[in-house]
Structure formats: structure tokens, C-alpha cells
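Here is a walk through one protein chain, from side-chain contacts to cores and charges. Keep the structure open beside the text.

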Amino acid sequence: MKTANAGSELIHVGNGVEETDALRTESIATVKQWLLEERPELQIPTESKLILYFLRTTKYNIDKTKRKLSTFLKNREKLTEWFKDRNPRRPEIQELLEIGVFLPLHQKDALNRQVVIIRTSAHNPQKHKQDNVFKVDKMILDLLMYLDETVSIHGVVAIFDMQGVTLGHALQLSPSMIKKAVESWENYPCKPKVLEFVNVPVHVNIVLNVFRSFMSAKMKERVTISRKGSKMENLVTLPRELGGSGESYQQLAEYWRETVQANESFFVQMEQNVFHL
């Protein structure tokens, strides 16, 4: 069951662009017609909001929407290690859900942006594959966008908590792995507004530099690095582990484990047709 939508609020997507009914309807029709000409085998239900989400991320730039959507679809087909076998009951997925590697906060920040905590070192690199960590990240992000349409309007603030990161974690992130992660971020139907790396040990700078080498100029501008706590503390109530008074990582992990399991059918439908989103 969906929990939030844009309702009747006046939607501004940036650069002075206001989302009107006419603009939305015409733009969706234009992109849908192009897409079906390019990919006639696609099934795009009327209720699908995937095209709309991409239009919002590009501020209704039709050419950028086509480019990002095309890359997104190719990645879904190519990166089977992330986008196939996403049954939340699978043991390897269960373990990572219980650990809590990707934790959206319940409260939005002062700018209505969705804040997510990405715990880069919570898993055991000798036991858990990095591809499965990314799989769980994408599963929760997909579900979040399905449950809350406003994420496509205001975007996402990602806080990467690197507390306790080891050489083993760093070695999991090969340049090719980092490249496909960055490409996925930049071609997903929600806007990454801030990428904040916190509790960063000095030895991780090499890995972060590799991440930045694959980023667009715009995304590089959104990266901040802190040796200690988060600078988001004045915009949102952070979890206790980040010095705030909000829910603990474990409480958030339990909530999202239960929520993902309760929406098991969503992941089945997404594997059959990504336009279920």
C-alpha cells in the first residue's frame, strides 16, 4: 500500500519549472511514444510513474529524460547481480536486511528531502558479497519510491557512515564496481541532492577519489567528507549512532526488514516489469 503521493501541492522541480497537469501529460506521452518506438516489446501500464519520475529528475528536459531512462533500462537488464533474484526471503538478503546496510529515515529533512543512511562497513566483507549489498540498497530504494512519490520531487540526501571501515571493505570496491555504482546513481529516477561521507578514516581517501573520478561535475559538487559527524544535524533528527536523538540503526533496520518482507509481491512484479514502479 502506498503511503504518500504528491497530492494537489504545487510542484516545482527546479530551474523555475512548475509541473502543471498539461506539462506532465504532454511530456509523459512524448517520452512514452519515443520509448515504444525504440522498444516495442515494453509493457508500460497507464498507472506507471517511472517516466514521470525521470522527467522530474531532469526538470522536464525531454532529451535528458530519454538518455537517463535508456541507461536505467539497460542497467536493469545488464546488472543481473543487482536486479534479479530479489526475493527478500533469500538468506543472503535476509542477513543484510537484519544488519541494516541501507536505512531511510522516517523524517524528511527541513527541505523535504529523503535522508538515507548507507552503512558502508556494517557487513562482513569475508561473508557478504558487495553485489548483494548493492542489491539490497536498490531494493529498498525502489520500494521507497513506490511507497512515497514525493521522493521523486525533493530528492535524496545520502549519508555514508564509514565508521569501522576496513581494508577488506575497501578491497570489495574495485574500479569497475565503483564505476557501475556511480553510473547507477546518476541514472536513477530520484535526484541525489547530497552525498555526505562521514566518519571517514584517512586510508579510505583513495577509494573516495576513485568514486569521484567517475562522477559528473554536478555530482562531484554534491559530495562532502567529514572525519567525524554529519553536517545534516541541523536539518534532520539523526540516528543515535550519528549523535542525534532519533531511532537507532537497529530500530530502523527492523522497520525496513519488515516493510521489505511485507512487500514481497512488489519485487516479483518489478522483476517481471520495471514499469510496475
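Lys 138 sits over the face of Tyr 188, 4.7 Å from the centre of the ring. That distance, like every other value here, is computed from a predicted model.

Turn next to the aromatic side chains. The structure has 10 aromatic pairs. One of them joins Trp 82 and Phe 134. Their ring centres are 5.1 Å apart, and the planes meet at 55 degrees, which makes the pair tilted. Where do the partners Trp 82 and Phe 134 lie? Trp 82 is in helix α4 (residues 80–83), while Phe 134 is in helix α6. The pair therefore ties together parts of the chain that are 52 residues apart in sequence. Are these two rings buried or exposed? Trp 82 has 0% relative accessibility, so it counts as buried. Phe 134 has 9%, so it counts as buried too.

A second pair is made by Phe 160 and Phe 197. The ring centres of Phe 160 and Phe 197 are 4.4 Å apart, with 10 degrees between the planes. The cut-off for stacking is under 30 degrees, so this pair is stacked. Phe 160 belongs to strand β5 (residues 156–161) and Phe 197 to strand β6 (residues 192–198). Because the partners lie in these two strands, the pair ties together parts that are 37 residues apart in sequence. Phe 160 is buried, at 6% relative accessibility. Phe 197 is buried as well, with a relative accessible area of 4%. Both rings also belong to one aromatic cluster, made up of Phe 160, Trp 185, Phe 197 and Phe 211.

Ala 181 leads back to the tilted pair. Ala 181 is located in helix α9 (residues 175–186). What does Ala 181 touch, leaving out residues up to four places away in sequence? Its contacts are Trp 82 and Phe 134. At 1% relative accessibility, Ala 181 is buried. Ala 181 and Phe 211 are 30 residues apart in sequence, yet their C-alpha atoms are 8.8 Å apart in space.

Now the nonpolar cores. In soluble globular proteins, nonpolar side chains tend to be buried together. The largest nonpolar core here has 73 residues. Which residues have the most contacts inside this core? They are Leu 69, Leu 195 and Phe 275. Helix α6 (residues 130–147) gives the most to this core, with 11 residues. Apart from this core lies another, of 15 residues. Among its members are Val 115, Ile 159, Leu 238 and Tyr 249. Leu 69 shows what the packing looks like from one side chain. Beyond its neighbours within four places in sequence, Leu 69 contacts Val 31, Leu 35, Leu 50, Ile 51 and Phe 54.

Helix α13 (residues 264–272) has three buried residues to look at. They are Phe 266, Phe 267 and Met 270. How are these residues placed around the axis of α13? They cover an arc of only 95 degrees, so they are on the same side of α13. The general rule is that an α-helix has 3.6 residues a turn, so residues three or four places apart point the same way. The buried residues of α13 pack against α3 (62–78), α6 and α12 (249–262).

Charged side chains come last. Side chains of opposite charge can pair when their charged atoms come close. The structure contains 17 salt bridges. Asp 142 takes part in more than one. Asp 142 forms a salt bridge with Arg 76, and the closest N and O atoms are 3.0 Å apart. This pair links distant parts of the chain, with Asp 142 in helix α6 and Arg 76 in helix α3, 66 residues apart. Asp 142 and Arg 76 are both buried. Asp 142 also meets Arg 86 in a salt bridge, at 2.9 Å from N to O. Arg 86 lies in the loop between α4 and α5 (91–99), so its pair with Asp 142 in helix α6 ties together parts 56 residues apart in sequence. Arg 86 is buried, like Asp 142.

Salt bridges with shared partners also join Glu 19, Asp 21, Arg 24, Lys 49, Arg 56 and Glu 149 into one network. Within this network, Glu 19 and Arg 24 meet at 2.6 Å, N to O. Glu 19 counts as buried, at 5% relative accessibility. Arg 24 is partly exposed, with a relative accessible area of 21%.

Methods:
Residues numbered from 1 in each chain as written. Predicted model: local features only at pLDDT ≥ 70, side-chain atom pairs only at ≥ 80, totals over all residues. Heavy atoms only, no water. Core = buried A, V, L, I, M, F, W, Y, C linked by side-chain atoms within 4.5 Å. Buried < 20%, exposed > 50% of the residue type's maximum accessible area, 1.4 Å probe, protein only. Helix = DSSP H or I, 4+ residues; strand = E, 2+ residues; numbered from the N terminus. Contact = heavy atoms within 4.5 Å. Phe/Tyr/Trp six-rings, centres within 6.5 Å; stacked < 30°, edge-to-face > 60°. Lys NZ or Arg CZ within 6 Å of the ring centre and 35° of its normal. Arc of directions from axis to C-beta. Salt bridge = Lys/Arg side-chain N within 4 Å of Asp/Glu carboxyl O.
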